[in-house]
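Biologist: Please take one part of this protein and look at it closely. Describe the rest just enough to place that part.

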Amino acid sequence: MSDAATMTTDLAPIVDTLAAAQRARGQLVIRGGGSVLERLPPTDAEVLSTAELTGVIDHRPEDLVITVRAGTPVEELSALLATHGQECPIEPLAGHGSTVGGRLATALAGPRQLQAGRVRDWVLRVRLVTGDGRVVTAGGVTVKDVTGYDLCRLATGSWGTVGVIAEVTLKLRPIPTTSAWFTTDRPASRVLAELYRPAAVVSTDEGLFVRLEEHPDDVVAQAAAVGLVAAVAPTLPTTARAAVDPSRLAELTSWAQAAAIPYAGFVGVGVCLLDGDPDALVAAGARAAELGGRLLVLDAGATTLPMRPPPEDPMSERVRAALDPQQILLDVRRPR
Ligand SMILES: Cc1cc2nc3c(=O)[nH]c(=O)nc-3n(C[C@H](O)[C@H](O)[C@H](O)COP(=O)(O)OP(=O)(O)OC[C@H]3O[C@@H](n4cnc5c(N)ncnc54)[C@H](O)[C@@H]3O)c2cc1C
């Protein structure tokens, strides 16, 4: 499968927009579905939308591989794949209309990361228009296609700071025959140790929830062996997201329990979603930092807090300097 056959989008309008911004020394903010951007304070930067960049380029169900344009809504992709009994488990938790490009750019983990892995584990190839207007294809459908720096991984989680993700090739898998949520009073660490590859274990202020995804007989047998009771999916907070080492998650969820704020900690993943007023979120950010992690505010409207970006690190700065030397692309996480 050659690049020419699978990467077919006309990227001239994006290259032209970047060139114009360079000449004008302006700033651009890349917008996918806007599900995160719309919750952040407005900016003066010109919007570079991927709304026209939609559709499937190549789907090979038998090879479990699909190539799509990055502005394709994740929900549309999931619906199409479902007709083939397939999925790519990168669906967003919140944010209707979020796009494949936005999903890669934010690379936020969901509870299913416990079994499914990270967003970047499902990305085989990316076509990127860098901040300085170069069109770069990175990655490959087979491991031997990959040479040089792994730009796929650099683009994943880049929050729109290195270039416009234009096209994405994703790995697929068959949809599990059964998916079901359960609850239990038992400690999370015991449940995690006793279950075979649970899809998600979520510790919340309303109890512990477990998601099993496999053959129906195995789901019933596992649930009975560990004493799980059928439940509906837990409600997940949406205001902020703390990330700590998975071994420190219980310390963060105990803190949230004591502080009486709604939380959902993804056991084994190290991510905790939180709601709360600005004071509670400032305290949560401080607690996450004590535990060696950090907190990202995802709904500024509700809190008036900045997003709290990760500290600058020399490697990311060098990558950004190489791909967007004029810093045309706005980092929405940083105070403006
Ligand atoms: C409050 C909230 C909490 C969430 N928490 C989680 C969570 O914990 N786990 C989870 O799995 N999902 C979570 N999501 C859902 C999901 O991660 C995002 O909503 C979604 O992926 C963003 O996609 P979008 O197209 O709407 O991006 P936008 O909101 O349009 O953009 C988000 C960022 O991605 C950049 N971007 C967008 N498209 C591109 C592109 N093509 N190329 C380069 N950069 C691009 C933008 O510049 C911006 O920095 C959350 C959503 C919300 C609103």
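Modeller: A residue is called buried if 20 or more other C-beta atoms lie within 10 Å of its own, exposed if 12 or fewer do, and partly exposed in between, with the C-beta atoms placed from the backbone. By that count, 42% of the 336 residues in the protein are buried. The model is a predicted one, in which local features need pLDDT of at least 70 and side-chain atom pairs count only at pLDDT 80 or more, while totals for chains, interfaces and linings use all residues. Residues are numbered from 1 along each chain as its sequence is written.

pLDDT is the predictor's confidence in each residue, from 0 to 100. Its mean over the protein is 89, and 90% of the residues reach 70 or more. Helices (H or I, at least four residues) and strands (E, at least two) are DSSP runs numbered from the N terminus; the protein has 12 helices and 17 strands. Among these elements, helix 9 (residues 249–258) has the highest mean pLDDT, 98, and helix 1 (residues 3–6) the lowest, 48. Over residues 1–5 the pLDDT is below 50, and this stretch has 3 contacts beyond near neighbours in sequence. Two residues are in contact if their C-beta atoms, placed from the backbone, lie within 7 Å. Of the contacts between residues at least 6 apart in sequence, 69% join residues at least 24 apart.

The part to look at closely is the largest nonpolar core, with the loop that follows helix 4. A nonpolar core is a set of buried Ala, Val, Leu, Ile, Met, Phe, Trp, Tyr and Cys residues joined through C-beta atoms within 7 Å. This one has 44 residues, of which Val 123, Ala 155, Ile 165 and Val 168 touch the most other members. Among the elements that give it two or more residues are helix 2 (12–24), helix 4, strand 6 (123–130), helix 6 (151–155) and strand 8 (163–171). Leaving aside residues up to four places away in sequence, Ile 165 touches Ala 70, Gly 101, Leu 104, Ala 105, Val 126, Leu 128 and Ala 155. A second, separate core has 39 residues, including Phe 182, Ala 200, Leu 228 and Ala 256.

Next comes the loop. Ala 107 is in the loop between helix 4 and helix 5, and its phi is near 50°, a positive value in a residue other than glycine. Ala 107 is partly exposed because 18 other C-beta atoms are within 10 Å. Leu 108 is found in that loop too, between helix 4 (100–106) and helix 5 (113–116). Leu 108 has 22 C-beta neighbours inside 10 Å and therefore counts as buried. Its C-alpha atom is 9.7 Å from that of Thr 156, a residue 48 places away along the chain.

Elsewhere in the protein there is an open sheet of 8 strands with antiparallel pairing, in the order 13-10-12-11-15-16-14-17. Two strands pair if DSSP finds at least two bridges between them. At the edges, strand 13 (229–230) and strand 17 (294–297) each pair on one side only. Strand 14 (residues 240–243) pairs with strand 16 (residues 271–274) over 4 bridges, and Leu 274 in strand 16 is the bridge partner of Ala 240.
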